[in-house]
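Here are a few exercises to work through with the model open beside you. Try each task before you read its solution.

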Amino acid sequence: MPTRFGEKRPWWRLREPGIRGHQAAAGWLFLAPVIVILGVFLLLPIAAAAWVSFSDWNGNGSPLGANAHFVGLENYRHLLTEPGLDQNNFGTSLRNNVYYVLLVVPVQTAVALFLAVLVNRRLRGVGFFRTAFYFPSVTSSVAITVLFLFLFDPHGVINKLLSYLGATGPAWFFDPRGLFHVILGQFGVDQAPASLANGFFLGVSYWDWLAGPSIAMCVFILMAVFTTSGTFMLLFLAALQSIDDSVNEAAELDGANEWRKFRHVTVPMIRPMLFTVVTLGLIGTWQIFDQIYVGTKGSPLNTTLTPAFLSFNASFNQNNWGVGAAIAFILFGIIVFFTLLTRLLTRNPDRVPRRRRFGPTTAIGDPDASRVAGRAQ
């Protein structure tokens, strides 16, 4: 292509860069190290783990070598459809984790929001309380677990305090009974109905699915609420402080009391942060591992077994890496499902669908034009 001086422009300079022509190249250049690091240390390991979940690799040699053979969905079928010990352990771990999620996520979210509202007020010494509420979150989870093992020992501090009240505390970390079964036992229901005892899902009877969290798992539930509420409190506090005072003042002028302001003004305005907190809570509770590893290793009678610990045990202790990887990907699918469900439940109901945002507009009060616009959409 000739230039204005009659010279031919090289093919690699056929297009002159605009005012921002080199910014895209510079941006990709700065992003390149992060992209490489994520690719090498995140995407490639995920791809390798996916391959292992479809193989019979036993941990010897490379998973891409001759020691690993493609078995398709066999590892998944083994866990989900083949009756046996592995399916029973997997179903038991899911049951335990379901109760852990159902009890931890709502409670820690409510406690965190309550603490955030409490310390958001202009009170004397509020800085001390903010620090005190957040302090358990920065402490090592292993240290917190060891502390709770000491507190909830059968001869520990908690049972000693209960004895002063005339109550006898249970053997917390050694009691496999489900909490709901214990409550039903107080009303004389000790035997499972035939319909619940003979029905099974993932190798676990319906009666055991309805057992509730074990006494030992209840300790981990208390531990989770104690250690994570402070972190989520800070997230809620940042969201509360972003609300303009004029919004609350307008609500007060309209005659709204504190509860109505909280329900109809505060909660809708912190909805994005609510989604964030619930999502982080779901991810953390479905991935619980270190507390189980340090505390009980799944005992007593697998009532504190979780999918994350079961995946670790199948891979590192039983050398059944295919099954361990399959458990990890099933857990990943569960987390994605609940994240999408949380997004659906916490989205703004007044949000305009994307396909209708730029539709034709009409004058207010013109019914004929509204019908035309409706047909056009």
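Lysine 261 and glutamate 258 sit 3 residues apart, about one turn, in helix α12 (residues 258-269); helices here are DSSP runs of H or I with at least four residues, strands are runs of E with at least two, and both are numbered from the N terminus. Before going on, note that this is a predicted model, in which local features need pLDDT of at least 70 and side-chain atom pairs count only at pLDDT 80 or more, while totals for chains, interfaces and linings use all residues. Residues are numbered from 1 along each chain as its sequence is written, and side-chain values use heavy atoms, with hydrogens and water left out.

**Exercise 1. Trace the salt bridges around lysine 261.**

Step 1. Start with the rule: a salt bridge needs a side-chain nitrogen of Lys or Arg within 4 Å of a carboxyl oxygen of Asp or Glu. Side chains of opposite charge can pair when their charged atoms come close.

Step 2. Apply the rule to the pair in α12: lysine 261 and glutamate 258 meet at 3.3 Å, N to O.

Step 3. Look for another partner: glutamate 252 also bridges to lysine 261, with the closest N and O atoms 2.8 Å apart. Glu252, Glu258 and Lys261 are thus linked in a network.

Step 4. Classify the three by relative accessible area, where buried means under 20%, exposed over 50% and partly exposed in between (1.4 Å probe, protein chains only). Lysine 261 is buried at 7%, glutamate 252 is partly exposed at 45%, and glutamate 258 is exposed at 53%.

**Exercise 2. Describe the salt bridge between glutamate 74 and arginine 77.**

Step 1. Take the distance: their side chains meet at 3.1 Å, N to O.

Step 2. Place the pair: both belong to helix α2 (residues 74-80), and because they are 3 residues apart, about one helical turn separates them.

Step 3. Check the cover: glutamate 74 is partly exposed at 30%, and arginine 77 is partly exposed at 40%.

Step 4. Finish with the count, which comes to 4 salt bridges by this rule.

**Exercise 3. Which helices supply at least two residues each to the nonpolar patch?**

Step 1. List the members: Leu147, Phe150, Val157, Leu161, Tyr164 and Leu165 form the patch on the surface, with about 660 Å² of accessible area together. Patches take residues with over 30% relative accessible area and no salt bridge, joining like charges within 9 Å and nonpolar side chains (Val, Leu, Ile, Met, Phe, Trp, Tyr) within 5 Å. Areas come from the Shrake-Rupley method with a 1.4 Å probe, and for residues only the protein chains shown count as cover.

Step 2. Assign the helices: α5 (141-151) and α6 (157-164) each supply at least two residues. The largest share, 3 residues, comes from α6.

Step 3. Inspect one member: tyrosine 164 lies in α6 and counts as exposed, because its relative accessibility is 61%.

**Exercise 4. How far does helix α16 reach, and what do its buried residues pack against?**

Step 1. Compare the span: α16 (residues 321-346) has 26 residues and reaches 37 Å from its first C-alpha to its last, close to the expected 38 Å. The expected span is 1.5 Å times one less than the number of residues.

Step 2. Find the buried side: among the buried residues of α16 are Gly322, Ile327, Leu331 and Thr346.

Step 3. Name the neighbours: the buried residues pack against α1 (23-53), α2, α3 (85-119), α13 (271-286) and α15 (307-317), where contact means heavy atoms within 4.5 Å.
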